[in-house]
Amino acid sequence: MSLVYGIFLLTGKSFIWEGDGLAQHYPILVKFYTWLHHGGLTGWSWDLGLGADKLTTFSYYVLGDPFSYLIGLFPKHHLEMGYNLLILLRLYASGLAFLFFARQRSFRPLSVLLGTLAYTFTGYSLYVSIRHPFFLLPMILFPLLAYGIDHVYRGRSWVPLAAFTGLALVSNFYFAYILAIGSLVYAVLRYLRLYRDQSLSLGVLSRRLIGAGLTGFLLAGVLFIPSLLGVLSSTRAGGQFANGYGLFPVSYYLRLPNALVTTGNPMRFWVNLGVAGLTFLERVWIL
């Protein structure tokens, strides 16, 4: 972290991006800090535009983000430092989540450490940590969901998967469906790897996985449903889906190979991969 983010300290810069960071993320965190200390997190507020509901307005950014609540522990004159430290804490938590997932396998400690570093410091994580800090939440949640799926495949309780599903839905609906797709792919691939050793039938496993997903949805409903209703009634909801695109422009596909290695090229359609760390480990392993 010192090697990557030390440049900000050396140049006297903050982690607050001059775009959405300065216009949205930091002001929202300051307002959230005020509500944590004075007032509540629900109800109607006339301080939001011409008046708006706190729950549906702030559920997208801070209400579902567990790390945002830690800003209440900082003095008011150090909120900028709190904003910066919470970014590093999210990044650290993504590494811890991957460690939690990897330690249930029979990997050697050094292998787990290298995998954790490669997972934590991907191009995606380094890019979004400055532009949109809460975009790091999926990096924390996906290993937890994968852990919950493995827990079910071992014939154990589906409660961890239900809890992590609920946390994913509460944290941000924007990533909920992406995490659901990723979890489904992982569940299928993991089943194909383990099906010969399974003591439970596919029907039992499917019922447990679906039951965990539905339970997680019910757990998250208190925040997820109002947030979804707020989005569906917003001014953006009336726009054309995907701006009318059936396929991306040709330039998107031409730039895609470069996106596998670096995030330095101008980003199109928020495709942010930057998995050079993974490809480096792969080549070392092959050699």
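The exercises below, each with a worked solution, concern a predicted model.

**Exercise 1.** Determine whether the end-to-end distance of helix H8 (residues 159-171) agrees with the span expected at 1.5 Å a residue.

*Solution.* Begin with the length of the helix, which is 13 residues. The expected span is 1.5 Å times one less than the number of residues, so H8 should span 18 Å. The C-alpha atoms at the two ends of H8 are 18 Å apart, which agrees with that expectation.

**Exercise 2.** Identify the buried residues of H8, and then find the helices against which they pack.

*Solution.* Taking buried to mean under 20% relative accessible area, one obtains Leu161, Ala162, Phe164, Thr165, Gly166, Ala168, Leu169 and Ser171. These buried residues pack against helix H3 (54-63), helix H4 (79-102), H7, H9 and helix H10 (202-232).

**Exercise 3.** Find which members of the largest nonpolar core touch the most other members, and trace the contacts of Ile140.

*Solution.* The core holds 58 residues, of which Phe58, Val62, Ile71 and Ile140 touch the most other members. Helix H7 (residues 137-153) supplies the largest share of this core, with 11 residues. Once neighbours within four places in sequence are set aside, Ile140 is in contact with Phe67, Arg90, Ala93, Ser94 and Ala97. Another core, of 5 residues, lies apart from the largest one and includes Leu169, Phe173, Ala176 and Ala220.

**Exercise 4.** Decide whether Leu184 is buried or exposed, and place this residue in its surface patch.

*Solution.* Leu184 lies in helix H9 (residues 173-194). Because its relative accessible area is 57%, and exposed means over 50%, Leu184 is exposed. Together with Tyr177, Ile178, Ile181, Val185, Val188, Leu189 and Leu192, Leu184 forms a nonpolar surface patch with about 790 Å² of accessible area.

Technical notes
Residues are numbered from 1 along each chain as its sequence is written. This is a predicted model: local features need pLDDT of at least 70, side-chain atom pairs count only at pLDDT 80 or more; totals for chains, interfaces and linings use all residues. Side-chain values use heavy atoms; hydrogens and water are left out. Patches are made of residues with over 30% relative accessible area and no salt bridge: like charges are joined within 9 Å, nonpolar side chains (Val, Leu, Ile, Met, Phe, Trp, Tyr) within 5 Å. Accessible areas come from the Shrake-Rupley method with a 1.4 Å probe; for residues, only the protein chains shown count as cover. A salt bridge is a side-chain nitrogen of Lys or Arg within 4 Å of a carboxyl oxygen of Asp or Glu. Helices (H or I, at least four residues) and strands (E, at least two) are DSSP runs, numbered from the N terminus. Buried means under 20% relative accessible area, exposed over 50%, partly exposed in between (1.4 Å probe, protein chains only). A nonpolar core is a set of buried Ala, Val, Leu, Ile, Met, Phe, Trp, Tyr and Cys residues joined through side-chain atoms within 4.5 Å. Contact means heavy atoms within 4.5 Å.
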